[in-house]
Amino acid sequence: MLEITRSTLSDGREILYFDLPGTPPRTAVDERDLPAVSTQSFMRRDPLTGQWSLFAAHRQNRTFLPPAHEDPLAPTKPGSYPSEIPEADYQVVVFENRFPSLSTRGEYLEDSAWETSAHTATVEQRPGRGRCEVVCFTSEAEGSFADLSEERKRMLIEVWAHRTQELSAIEGVRAVFPFENRGEEIGVTLSHPHGQIYSYPFVPPRMEAIAEQVRQHPHLFDEVLAVELQAGERIIEQTPGFVVYTPAAAKWPLEVMVMPRRAVPDFPALNEQEREELAGILHRLFPAVDRFFEGVERTPYIAAWNQAPVGQPEWGRLHLQLFSLMRSPHRMKYLAGSESGMGAWINDTTPEAIAERFRSIWK
């Protein structure tokens, strides 16, 4: 059981310290004189697709690849640059993003003017109410998720479960999405090992598409796993509780799924054995991702944790979709005409070749 300490940063944002039992109390105070966070996020529904788009203009001036001595995710040691984390050391820390795409404390635009304008008949607008959090994996500035100990990866599973449960309880939140971006090629603006969690006031397109498929095929996840296990050629690893595989319709040049065998809607629903197994899988998977391309030390990737929509556990199953936009060593796949214009993916390899490569480097 982790020890959790809640505190507040100088601008009112919440910060949580997650520690192993026996850790000294967290008592440091944020001594910065930060202005209160002010956001004006809003979202509009595209009348042609029915999908929501978020607008967060206040993020234009967010921190971008600061020098090492100004790392905002580093602990604040005596005499060092004051960071987002007041303590001189930490294990895992979660705090509200200073430049959030969604917030519960925003100064929202009045909808009345929009609703009485000519737009309202076709374009729906709502405030961008939700919460965006930063998850700091370690106080060490160097390395990545792959370099974390298995124990620390196990801690993060507990953190994701804790945050999913709390964020799901926020009024109006309909989806919780933990994820990690790694690599400047992906668009990462901070190199310190970290991830994020978004809680949306709508069900995002991928989650909604999965839910719709499950409505039509109630046993979809079990059927997919049965087909993959029977075929075998895309399987990378199996454990009693999970299957690691490259999906048959993989979009990306490197793509892996980690799927529980049981109907687990989200992180809080994982039992103790499944959490232990998952930590072990992640401890093997992420280093393998860095071995995938010859001559590439740190493969850029997105690790996307899919969960069921909030309050609708039957319409989804927890799974990791880990993928890279790198198509060959140091060459990126650009989402050009077909992908960006029509959403029709063209993969430059095959799912079977991806899985075979993973099996050859798996440890």
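UniProt positions are given in the numbering used here, and annotations may be inferred rather than shown by experiment. With that in mind, the UniProt record places the feature "domain: Galactose-1-phosphate uridyl transferase C-terminal" (unreviewed entry) at residues 217-360. The model you are looking at is predicted. Its protein chain is assigned two parts, domain 1 (3-203) and domain 2 (206-361), and most of this briefing is about how they meet.

**The two domains**
- Start by finding domain 1 at residues 3-203 and domain 2 at residues 206-361.
- Between the C-alpha centres of domain 1 and domain 2 there are 24 Å.
- Domain 1 brings 30 residues to the contact, while domain 2 brings 32 residues.

**The span named in the record**
- Residues 217-360, the stretch named in the UniProt record, are 33% helix and 22% strand.
- If you look at the two ends of residues 217-360, their C-alpha atoms are 34 Å apart.

**The area between the domains**
- Domain 1 and domain 2 bury about 2800 Å² between them.
- Carbon and sulfur atoms give 62% of that buried area.
- On the domain 1 side, look for Arg154, Ile157 and Arg182: they supply 24% of the area that domain 1 buries against domain 2, more than any other three residues.

**Polar and charged links across the interface**
- Four salt bridges are counted between domain 1 and domain 2.
- Asp290 and Arg182 form a salt bridge, and their closest N and O atoms are 2.3 Å apart.
- The interface of domain 1 and domain 2 also has 14 residue pairs in polar contact.

**What domain 1 offers to domain 2**
- Helix 2 (150-168) and strand 8 (175-182) are the elements that give two or more residues to the side of domain 1 touching domain 2.
- Helix 2 gives the largest share of that side, with ten residues.
- Sorted by type, the residues on this side of domain 1 are 14 nonpolar, eight polar and eight charged.

**Salt bridges in the whole model**
- The overall count comes to 31 salt bridges.
- One pair to look for is Glu124 with Arg45, whose side chains form a salt bridge at 3.4 Å, N to O.
- Glu124 lies in the loop between helix 1 (111-115) and strand 6 (125-127), and Arg45 lies in strand 3 (residues 42-45), so this pair ties together parts that are 79 residues apart in sequence.

Technical notes: Residues are numbered from 1 along each chain as its sequence is written. This is a predicted model: local features need pLDDT of at least 70, side-chain atom pairs count only at pLDDT 80 or more; totals for chains, interfaces and linings use all residues. Side-chain values use heavy atoms; hydrogens and water are left out. Domain bounds come from an automatic or database domain assignment. Contact means heavy atoms within 4.5 Å. Buried area is the accessible area (1.4 Å probe) that two parts lose on being put together, summed over both. A polar contact is a pair of N or O atoms within 3.5 Å; within protein, one must be able to donate a hydrogen and the other to accept it, and residues adjacent in sequence count only if both atoms are side-chain atoms. Helices (H or I, at least four residues) and strands (E, at least two) are DSSP runs, numbered from the N terminus. Ala, Val, Leu, Ile, Met, Phe, Trp, Tyr, Cys and Pro count as nonpolar, Asp, Glu, Lys and Arg as charged, and the others, Gly among them, as polar.
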